[in-house]
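I opened a new notebook page for this structure. My plan is to look up charged pairs, then the nonpolar interior.

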Amino acid sequence: MEALKDVLLQLRLDPSALWLIIALPLVGAFICGVFGRMLGRANVYLVACAAVAGSFLLSVSAFLAVSPLEAAQAASLPNAYSSGVIRYAFGFDYGTWFSAGTFRVNFGMLVDHLSGTLLLVITGVGFLIHLYSTSYMSHDEGYWRYFAYLNLFVAAMLTLVLADNLVLLFVGWEGVGMASYLLIGFWYSDTAKAWAGRKAFVTNRIGDFAFLIATFLIVLLVSAFNTQATPANFSMVGGNAETAQVRFREGLQQKGPVAFQGLEVMANALHVTPEKAQGGINLQTPISEGPLKGRTFGGVLTVTLLLFLLGAAGKSAQFPLYVWLPDAMAGPTPVSALIHAATMVTAGVYLFSRMSYLLVLSPTAMVTVAIIGAITSLLAALIAFAQDDIKKVLAYSTVSQLGIMFMGVGMGIFWAAVLHLVTHAFFKACLFLGAGSVMHGNADETDIKKLGGVRREMKQTWFTFLVATLAITGIFPLSGFFSKDAIFHGIHHNHLHGYEWASSAIYYVGLLIAACTAFYMSRVYLLTFEGKRSPEAKIPHAHESDWRMTTPLWVLAFLSVVALTYALPLMPASRGGGMQPVMENFLGPVFSSAERIAARGGEVALDHSVPSLFDYIKAWLVALTGGALAGFMYLKFFPSRAGQPAPAFARSVRRFTQNKFYVDEAYEFLVIRPVKNVSAILYKLVDTLLIDTVAVHGTAWVTARVGSVLRYVQTGDAQAYAAVMALALLGGAVYAIIQVLQ
């Protein structure tokens, strides 16, 4: 055991080498993109997979530094904004990135239990998807572009989670947006696929603009806090209050106002209400100067968090910006597994988890996040009922599961939201890759009604897809059952001041969503793998995929099962005795500030109880009910009515659902078409009339007319010039004589 500890200590990554985690896939993207054609397929595969594998090993090393076998050996990071240290974390500041006046941003990276977990998910699942892609894309002529884009995406996502400040996080945020645009529209010669990439890009720009505005507001908020805060505010930060305030101001000078360390210190120093305050400013205090003068700190913070929510809605496909993700299935299937199941779409959940200490200061923002998540999740689940494309069903399922994570974040059950993020990465990546394997073995057929009976011919794909389906459905004892139930239990028992009704309302909506999930996922499984082979199938028999595609399926299916251990109450609770789930204990240092602020302020009541046996039975029965109903409908009811027309009402409902509740058409009518019409009018008036006709052509016309007149006095005849000069002199003399006589 001691020898193992020594080996683990030696494997710990030096903080100054964190940049290598990003650099490896970035270099891989460069090599594959620039030299890929010359290298050939095998070498491109080797470079791309090795880059991500190397990044995974470095991520493991970084993870070991913050998660050793013994807590005493854990790395700790000095806090630039206070006299304390951040335990279970390490990072490195590479110095000033850019500055403008008093504003400054450093290029810094941070690894703690939250970002370390995401590092393992991104690089681990990313490597499996790279391996899968070597077979799936083996016949594509653009293989070198594909792997360059895939490596580029991994590098951007790693930048996002390693960033220790909002600006660097935004670089990764934009990077994954660009890489997803390239991968979704990978087959750009197909107009529909190219437009899907553009749709994703434009929709994400709306959210990204909101993210930028929110970041600007954060800068102004920190500046106002720094100006108005008193030593009384810093009495809660730790140590001497005056020293803590000086240290905070020194941190602003050293690292700037957007570093997460500084935002966490500010959140701890802000009093919630005047009653709770012991001097100093609070959330109801008006800002005394600057662009936000007269606004309260709490009001500005709420607006900022809502703008971050709009930004997160773009990346994480939440209402109203979720419409891009189902169309993003136009890209290669492994892309869907990496981007739209395991990594990019979880960026919004990561953002709010990272800034949990700010979120708990605003119950209004929290309940809005939870409601948006509930609306999105239920809407996507209902749309998934009537989709026949296997990838589209999984896409709407992803939107729905992300909504559940947002429900958890909004109601303050942060650790469970992160746990579901991890388990979802495993079973949803397995489902997408399984769908790709089904397509690969069935001549690229995606219509589940034209498949059937695949279980008998693709046994490995069938078994792994079944495990992942049971996990997402919430069947005991798989990981999805525990992570989803942990979220719903927390939603039911946490309370937001002024919004006490939200706990029960969102909880029961969550149970309905769970039943819907079980129904549509059971439908996909039954129509694809059970029953008889459809007479409309493209080929009479399916064939199993090779080992490079099935191996990732087995690994992900295995992780979908064993990840349940993180939800089990196996660790001693840090408060009140008893036991707590492993993931809650593991993420405790990350969310300790949010817990402390919530307990001190009284605006958010966070519950730490473990689900009871009755809670587990209820969740299991909900999942069984949805699955059993799907089994009855598609194994008994519909087969018995084969050949009989469905009632008109049922056909109307199905058409309405299959067309996604006409949300895209509503956007076309209410947003896109008016913008196009206004743009056309402005083009005709401003561009064509004012600029082209008046400014450009008008200037040319006036110049030409003036020139045509002036050319009559530029004849080149010396006698004419002399005559004109004589007449001018005569006129001048006459004028002078007249003036003298007067």
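Before I start, I fix one term: partly exposed means between 20% and 50% relative accessible area, with buried under 20% and exposed over 50%. The model I am reading is predicted.

**Entry: a pair within one helix**

I looked up Arg 247 first. Its relative accessible area is 26%, so I call Arg 247 partly exposed. Its salt-bridge partner is Glu 250, with the closest N and O atoms 3.7 Å apart. Glu 250 is also partly exposed, at 33% relative accessibility. Where do Glu 250 and Arg 247 lie? Both are in helix 8, which covers residues 241–255. They sit three residues apart, about one turn of the helix.

**Entry: a pair between two helices**

Next I took Glu 174. It forms a salt bridge with Arg 205, and the closest N and O atoms are 3.4 Å apart. Glu 174 belongs to helix 6 (residues 166–184) and Arg 205 to helix 7 (residues 191–228), so this pair ties together parts 31 residues apart in sequence. I checked accessibility too. Glu 174 is partly exposed at 26%. Arg 205 is partly exposed at 22%. I then asked which residues are linked with these two in a network of salt bridges. The network holds Glu 174, Arg 205, Asp 208 and Lys 315.

**Entry: a pair between two loops**

I moved on to Arg 455 and Glu 530. Their side chains meet in a salt bridge, 3.2 Å from N to O. This pair links distant parts of the chain, 75 residues apart. Arg 455 is in the loop between helix 17 and helix 18 (459–473). Glu 530 is in the loop between helix 20 (501–529) and helix 21 (547–562). Is Glu 530 buried or exposed? At 18% relative accessibility, Glu 530 counts as buried, because the cut-off for buried is under 20%. Arg 455, at 27%, counts as partly exposed.

I also noted the total: a search of the whole structure finds 15 salt bridges.

**Entry: the nonpolar core**

Last, I turned to the interior. The largest nonpolar core has 226 residues. Which of them touch the most other members? I found Leu 166, Phe 225, Leu 263 and Leu 358. Helix 17 (residues 414–441) gives this core its largest share, 19 residues.

I followed Phe 225 further. I set aside its neighbours within four places in sequence. Its remaining contacts are Phe 234, Phe 248, Met 266, Ala 269, Leu 270, Ile 281 and Phe 297.

How values were computed:
Residues are numbered from 1 along each chain as its sequence is written. This is a predicted model: local features need pLDDT of at least 70, side-chain atom pairs count only at pLDDT 80 or more; totals for chains, interfaces and linings use all residues. Side-chain values use heavy atoms; hydrogens and water are left out. A nonpolar core is a set of buried Ala, Val, Leu, Ile, Met, Phe, Trp, Tyr and Cys residues joined through side-chain atoms within 4.5 Å. Buried means under 20% relative accessible area, exposed over 50%, partly exposed in between (1.4 Å probe, protein chains only). Helices (H or I, at least four residues) and strands (E, at least two) are DSSP runs, numbered from the N terminus. Contact means heavy atoms within 4.5 Å. A salt bridge is a side-chain nitrogen of Lys or Arg within 4 Å of a carboxyl oxygen of Asp or Glu.
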